[in-house]
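Student: I am new to this structure. Can we go through it step by step?

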2 protein chains.
Amino acid sequence: MYLGMTQNVGFIGLGIMGWRMAANLRKAGFQLSVWNRTAAKAKRFATEHDAIAVDTPSSLAAQSDVVVTMVVDAPQVERVLLGPQGVAEGARDGLLCCDMSTIGPSAAIRIAGALHESGIGFVDAPVSGSSPKAEDGTLTIMAGGEREHFERALPLLEAMGELVVHVGPVGHGQMIKVINNAVAAINAAAVGEALLVGKQAGLDLDALVGVISAGSGASAMLDLKAGPMRSHDYTALFKLEHMLKDLRLCLQEAEAAGIGFGFASEAAEILQAAADQGLGERDFAALIEVLEVRAGLRL
Amino acid sequence: MYLGMTQNVGFIGLGIMGWRMAANLRKAGFQLSVWNRTAAKAKRFATEHDAIAVDTPSSLAAQSDVVVTMVVDAPQVERVLLGPQGVAEGARDGLLCCDMSTIGPSAAIRIAGALHESGIGFVDAPVSGSSPKAEDGTLTIMAGGEREHFERALPLLEAMGELVVHVGPVGHGQMIKVINNAVAAINAAAVGEALLVGKQAGLDLDALVGVISAGSGASAMLDLKAGPMRSHDYTALFKLEHMLKDLRLCLQEAEAAGIGFGFASEAAEILQAAADQGLGERDFAALIEVLEVRAGLRL
């Protein structure tokens with residue numbers, strides 16, 4: 001049973017998001033061990049942030065009270081937690097795993113079950129917000145899991161996020177995350193179509209965006225993506241292929257539950273077309289390329 | 001030519017929105033004559049707000065420097081401005097008409113042309129925001145027309161709105177308005193689908209809405225319509241049939257310009273199905289009824 005306040009934290013996955021999130025944990029005073037698929041990155045992080053780079057997830061687990069994972073998808077989470085030399089192999093008594101990747105609810109429930117058999121707790125705590133919010137520690141974090149586990153993870157989550165919500169049992173953080181991203185993708189695609197209709201009508205697009213952002217059509221996506229769409233600047237804040245993955249996870253869950261999500265299906269189709277054009281590594285604002293071709297018009 | 005600062009204003013259309021907007025003009029010190037299709041309403045307004053109720057749009061025009069119209073659709077605007085006993089018949093030299101109804105760009109351009117032949121200026125200045133914003137004088141107003149006309153209308157518009165933008169020539173106010181509403185309808189329908197998917201997944205919908213509203217899926221429609229959808233409270237802030245009308249106007253313009261607006265078409269289909277169920281007079285949050293039937297699930 002966990003009793004103390006100080007926690008040794010292991011962090012796996014030092015990508016664009018993970019690097020910044022781990023840095024905020026360190027800044028908040030947690031002792032940090034890190035592991036990354038590309039070992040050089042873990043070493044660089046360790047040097048820059050006074051952390052310990054370890055050789056395997058298993059040895060990371062051996063010196064951690066809580067292990068945080070921030071990787072790309074469910075197979076990666078399963079590999080580092082449950083695979084050879086994985087976290088489960090090296091886990092100390094009472095280890096808690098907190099996965100902040102977006103892997104969908106089914107995978108989260110499956111992984112939680114496997115860890116439970118080894119006496120390891122699990123919280124799924126995916127995040128909303130891209131690298132600037134990861135850097136500032138202002139992510140939105142939606143956590144699913146037993147209350148006791150959530151409360152143990154909370155001090156860590158608060159070091160990385162501004163709004164941290166315990167949303168329900170394991171898997172519910174994931175479900176809310178993929179629904180949020182589906183809504184974001186829909187809203188972004190609607191912005192893209194609206195810009196093209198406005199352009200075709202000869203409107204002043206600054207006026208169009210300004211008025212909508214003060215009106216009932218306002219959205220986070222309008223604020224964040226209208227500019228990049230108009231300037232065709234797809235510097236990746238959130239990769240299109242990751243957004244597409246999240247939509248697929250949402251649609252799979254909806255389909256399995258026997259419920260449709262028509263707008264999300266349409267958004268996924270647009271993102272898939274963009275990915276097919278080789279835009280998967282770019283920001284998902286690049287979906288405008290698909291809409292432009294459809295419209296026969298360039299912003 | 002108009003020279004002075006004080007303006008006698010005529011106001012036509014004292015519905016839910018118009019009543020509140022006219023009251024704000026009076027509050028700002030404009031002398032006000034009013035006309036309404038139901039004369040008793042104009043008399044009541046005149047008594048309550050120290051205005052003059054007149055018998056016809058034509059006699060209204062005879063004592064006005066600027067006539068504001070806030071009615072339901074293009075046929076109504078054409079009737080009161082250009083029909084028998086309409087504004088054009090009674091107009092003094094230099095009259096300016098400022099139509100704040102949502103009638104679509106084509107109708108605005110047609111009406112502006114007809115008025116121009118009678119030496120009457122025209123500004124299309126539709127609004128975003130429903131009755132609470134009309135009441136507070138915090139509407140968003142997007143105005144199309146010649147700069148000189150816009151500047152004459154500006155003191156009036158500022159008495160009714162918080163953000164007043166001159167967006168371009170006649171018709172552009174309308175086009176931005178219908179695009180804004182199309183985006184709003186899409187975002188609202190996406191919220192409805194997301195709530196149902198979340199419900200089906202057994203999520204805590206308070207958590208779902210709270211997290212999305214702090215995340216990348218945030219929108220004005222999430223803030224305004226998730227609550228009414230969940231409680232099935234369709235007290236009309238903006239009638240579904242009016243939203244549907246605006247979407248049709250947007251889609252007509254897009255089609256005429258040879259450009260698609262796929263998400264808006266889908267939203268219009270949902271709203272049409274709701275109207276077919278007799279929900280046209282209710283708030284457009286009632287679109288959730290259609291989505292619930294499709295999903296076989298009630299929020």
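Tutor: Start with a term: a residue is buried when its relative accessible area is under 20%. Keep in mind that this is a predicted model.

Student: What percentage of the 299 residues in chain A is buried?

Tutor: Apply that cut-off of under 20% relative accessible area. Among the 299 residues of chain A, the buried share is 60%.

Student: How many helices and strands does chain A have?

Tutor: Chain A combines both kinds of element. The count is 14 helices and 9 strands.

Student: What is the radius of gyration of chain A, and how compact is the chain?

Tutor: The globule rule gives 19 Å for 299 residues. The value for chain A is close to that, so chain A is as compact as a globular protein of that length. Its radius of gyration is 20 Å.

Student: Is A:Cys97 buried or exposed?

Tutor: Its relative accessible area is 1%. Buried means under 20%, so A:Cys97 is buried.

Student: Which cysteine has the sulfur closest to that of B:Cys97, and why is there no bond?

Tutor: A disulfide needs two cysteine sulfur atoms within 2.5 Å. Here the distance is 8.8 Å, too far for a bond. The closest sulfur belongs to B:Cys98.

Student: How many disulfides does the structure hold over all chains?

Tutor: A:Cys97 is in none, with the nearest cysteine sulfur, that of A:Cys98, 8.8 Å away. Over all chains, the number of disulfides is 0.

Terms used
Residues numbered from 1 in each chain as written. Chains lettered and ligands numbered in written order. Predicted model: local features only at pLDDT ≥ 70, side-chain atom pairs only at ≥ 80, totals over all residues. Heavy atoms only, no water. Helix = DSSP H or I, 4+ residues; strand = E, 2+ residues; numbered from the N terminus. Rg over C-alpha atoms; globule rule 2.2 N^0.38 Å. Buried < 20%, exposed > 50% of the residue type's maximum accessible area, 1.4 Å probe, protein only.
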